[in-house]
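Got a minute to walk through this model together? Here are some questions to ask while you turn it around on screen.

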Amino acid sequence: MNESAQQTGQADLTERPVLVLNAGSSSLKFQLLVPESGEVSASGVIERIGESGSDVADHAAALQSVRARLADDGVDLDAVPLRAVGHRVVHGGPDFSEPVLIDDDVVARIQALSPLAPLHNPAAVTGIEAARSHFEVPHVAVFDTAFFSTLPIEASTYAVPRDLAQKHAIRRYGFHGTSHHFVSQASAELLGCPVEELNQVVLHLGNGCSASAIRGGVAIETSMGLTPLQGLVMGTRSGDVDPGLHAFLSRQVGLSIDEIDDLLNKRSGLLGLSGVNDFRELSQRVDAGDEAATLAFDVFVHRLKHYVGAYLAQLGRLDILVFTAGIGQNSPRLRAALADGLDGLGIAVDPARNEAGGGSFTEPSVISPDASRVIVAVVPTNEELAIARQTADLVS
Ligand code: ADP
């Protein structure tokens, strides 16, 4: 710890910001914020890291850019030293069910989980290594899978040979856990009810989409699996397909495993069905009567209903259904379509509440009618704040 940090008393600690980093293979998202107040002093993304023609050669150079961007925003880290750095790590595998303080051993274990997340974990390790040499403060890893480590074994187990699954740690892990956790806590606050007393279904609908069933604050089901490809239809990912599709594409179309992986992750979902992956643009095309866009929207809603129904059965009783992330928070059309025809299950949306303020929500809000059996709500997610809080908790 540097001298100015040591001189900063405990009273000031809660004013010192946490830097949250989310390293992708060619990008680095950052946000500097105070976890207690939620005040954000800077945020942004460094893109095209390591690409030809880019000024940013690697993640170490990207951190120099972060420092420069902070300085542009008038943030002087020497005057208000960092408390800690929180890193988003996609895959915690079977090892990590809680945030951890990063040391060399943790870095090695995150690296060792790369076969489970070949695109994400190596990038996270590169970002962590660069940040550790750049900022001499505690570093914390927060895992996207951690919140789902509580899935009952019958929910996390694939029906494949047990010895093979055990040897390679093949099971359902779930992702977006930081968001599902944060939103399920915030929805309990919205209702003024202890989270322990609530059965919830949370729908995180952004570029990636996932659903979860949460009983008393504990996740019991989620739609993503070994990888983030399983489950709901997403911007570019197929979500659920017949697992036999892989063999079919290999034998009939002659695609390699890498080509199939690419097809299902990057060229499927809304994009594959309609030619656009952005939900706003998709909605405009639906309004214009575009047939492919309408089918994509309908497939998206159909799959979502499928999961809501399944989770109602798993929970036995549903108290609150929560929409979050870019689509969930901003598309009244999607929310209305999901609720359409579900009044028999106690799920309904009040049109005026759903469309209040243009249907975009920045605060937690109930959108179901007063007499509804199930409360339907929109609760904005904030993964950076959640990571910053978990980081601060660990280093305090
Ligand atoms: P990420 O998963 O990358 O964090 P977001 O949570 O920001 O993504 O969600 C992005 C999605 O939200 C995109 O499909 C985008 O079109 C959609 N979205 C954002 N604003 C709106 C809006 N006003 N209406 C409909 N969809 C929206």
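## Ligand shell, cores and a few odd spots

The shell around the ligand sorts into 3 nonpolar, 7 polar and 2 charged residues. Keep in mind that this is a predicted model.

Q: Which element gives the most residues to the shell around the ligand?
A: The residues around the ligand include G206, N207, D278, F279, A325, G326, I327 and N330. Two elements give two or more residues to that shell: α12 (279–287) and α14 (325–330). With 4 residues, the top contributor is α14.

Q: How far is the polar side-chain atom of N207 from an oxygen atom of the ligand?
A: Let's start with the backbone. F279 has a polar backbone atom 2.9 Å from a ligand oxygen, and a backbone N or O atom of I327 sits 3.3 Å from a ligand oxygen. N207 uses a polar side-chain atom instead, and its distance to an oxygen of the ligand is 2.8 Å.

Q: What share of the ligand's accessible area does the protein cover?
A: The ligand has polar atoms of N207, F279 and I327 within reach of its oxygens, as the distances above show. On its own, the ligand has 580 Å² of accessible area, and the part covered by the protein is 70%.

Q: Which element gives the most to the largest nonpolar core?
A: This core has 45 residues, and L203, L205, F300, L321, F323, L334 and I347 are the ones touching the most other members. At least two residues each come from β7 (199–205), β8 (209–215), α12, α13 (291–315), β10 (320–324), α15 (332–339) and β12 (375–378). The biggest giver, with 11 residues, is α13.

Q: Which residues does L334 touch, leaving out those up to four places away in sequence?
A: L334 is among the core members that touch the most others. Two of its partners, F279 and I327, also belong to the residues around the ligand. The full set is L205, F279, F297, F300, V301, L304, F323 and I327.

Q: Is Q200 buried or exposed?
A: Q200 sits in strand β7. Its side chain makes a polar contact with the side chain of S187 at 2.7 Å, and a polar atom of that Q200 side chain lies 3.0 Å from the backbone oxygen of S184. Further contacts of Q200 include V195, I214, L315 and V322. The relative accessible area of Q200 is 0%, so this residue is buried.

Q: Why does L113 count as buried?
A: L113 is in the loop between α4 (104–112) and α5 (121–134). Beyond its neighbours within four places, L113 contacts H91, G92, G93, P94, F96 and N121. Buried means under 20% relative accessible area. L113 makes that cut because its value is 8%.

Q: What separates the C-alpha atoms of L113 and A169?
A: A169 belongs to the loop between α7 (162–168) and α8 (177–191), and its phi is positive, near 55 degrees, though it isn't a glycine. Along the chain, L113 and A169 are 56 residues apart, yet the separation between their C-alpha atoms is 9.8 Å.

Q: Why does R48 count as partly exposed?
A: R48 is in the loop between β3 (40–46) and α3 (59–72). Although not a glycine, R48 has a positive phi of about 60 degrees. Partly exposed runs between the buried limit of 20% and the exposed limit of 50%. R48 falls in that range because its relative accessibility is 42%.

Conventions:
Residues are numbered from 1 along each chain as its sequence is written. This is a predicted model: local features need pLDDT of at least 70, side-chain atom pairs count only at pLDDT 80 or more; totals for chains, interfaces and linings use all residues. Side-chain values use heavy atoms; hydrogens and water are left out. A residue is near a molecule or strand if one of its heavy atoms lies within 4 Å of it. A polar contact is a pair of N or O atoms within 3.5 Å; within protein, one must be able to donate a hydrogen and the other to accept it, and residues adjacent in sequence count only if both atoms are side-chain atoms. Accessible areas come from the Shrake-Rupley method with a 1.4 Å probe; for residues, only the protein chains shown count as cover. Ala, Val, Leu, Ile, Met, Phe, Trp, Tyr, Cys and Pro count as nonpolar, Asp, Glu, Lys and Arg as charged, and the others, Gly among them, as polar. Buried means under 20% relative accessible area, exposed over 50%, partly exposed in between (1.4 Å probe, protein chains only). A nonpolar core is a set of buried Ala, Val, Leu, Ile, Met, Phe, Trp, Tyr and Cys residues joined through side-chain atoms within 4.5 Å. Contact means heavy atoms within 4.5 Å.
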